[in-house]
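Hi,

Here is the structure I promised to pass on. Have a look at it first, and my notes follow underneath.

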Amino acid sequence: MTNDYDDIINLPHYEPKHHPRMSMWNRAAQFAPFAALTGYDAAIQESGRLTDEWIDMGDAGNEELNRKMELLLSKISEQPHVTIEYFVPDEHKAGGSYQSYTGNVKRIDEYEQIIVMTDSKKIQLRMIVNITGIK
């Protein structure tokens, strides 16, 4: 019994002479635009990213912060070197992160409710949780 392909079954696999064989990575990349779950990895990473909640400092904490702000205002002409801890709300989910910034204070803009540092960094007054280093 002979099969239709007996004459070619044992021949080596054809390799083109003028075009190198495409890598498996490049072959898979051809089909990437048709992935059914485009953006799925980014969504998983975003949902797994942790944020901190805003912690209310209470009356005692607010009074302490107000005293530090008054001291800072009294020394503003000296451009004091301070460390400010503040809350930055997250743009995509509830919560945010607490950050710290060290630098010299240039001015306090009461109209805009911001502290402006000498390097033009701006920090919202309502987000500040602590100020240290005022001498």
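Let me start with glutamine 79, which is found in the loop between α3 and β1 (helices are DSSP runs of H or I with at least four residues, strands are runs of E with at least two, and both are numbered from the N terminus). At 35% relative accessibility glutamine 79 counts as partly exposed, because that label covers what lies between buried, under 20% relative accessible area, and exposed, over 50% (1.4 Å probe, protein chains only). Leaving aside residues up to four places away in sequence, glutamine 79 touches Asn104, Val105, Lys106 and Thr118 (contact means heavy atoms within 4.5 Å). Glutamine 79 and valine 105 are 26 residues apart in sequence, yet their C-alpha atoms are 5.0 Å apart in space.

Before going on, a word on the source. This is a predicted model, so to speak of local features we need pLDDT of at least 70, side-chain atom pairs count only at pLDDT 80 or more, and totals for chains, interfaces and linings use all residues. Residues are numbered from 1 along each chain as its sequence is written, and side-chain values use heavy atoms, with hydrogens and water left out.

Now the sheet. It is open, with five strands in the order β4-β3-β2-β1-β5 and antiparallel pairing (two strands pair if DSSP finds at least two bridges between them). The edge strands, each pairing on one side only, are β4 (122–124) and β5 (128–132).

Valine 105 turns up again here: its bridge partner in β3 is methionine 117. Four bridges join β2 (residues 96–109) to β3 (residues 114–117), and arginine 107 stands opposite valine 116 in β3. The hairpin of these two strands has four residues between them, and glutamine 113 takes a positive phi near 60° there. On the other side, three bridges join β3 to β4, with isoleucine 115 opposite isoleucine 123 in β4.

Both faces of β3 are covered: Ile114 and Val116 are buried on one side, Ile115 and Met117 on the other. In a regular strand the side chains alternate between the two faces of the sheet.

Lastly, which element gives the most to the lining of the largest pocket? That is α3, with five residues. Glutamine 113 from the hairpin is also one of the lining residues, as are Leu125 and Arg126. By class, the lining has six nonpolar, two polar and three charged residues (Ala, Val, Leu, Ile, Met, Phe, Trp, Tyr, Cys and Pro count as nonpolar, Asp, Glu, Lys and Arg as charged, the others, Gly among them, as polar). For the pocket itself, a 1 Å grid is laid over the protein atoms alone, and a pocket is an open set of points with protein on both sides within 12 Å along at least five of seven lines; lining residues have an atom within 4 Å of a point.

Cheers

Terms used:
On a 1 Å grid over the protein atoms alone, a cavity is a set of points where a 1.4 Å probe fits but cannot get out, and a pocket is an open set with protein on both sides within 12 Å along at least five of seven lines; lining residues have an atom within 4 Å of a point.
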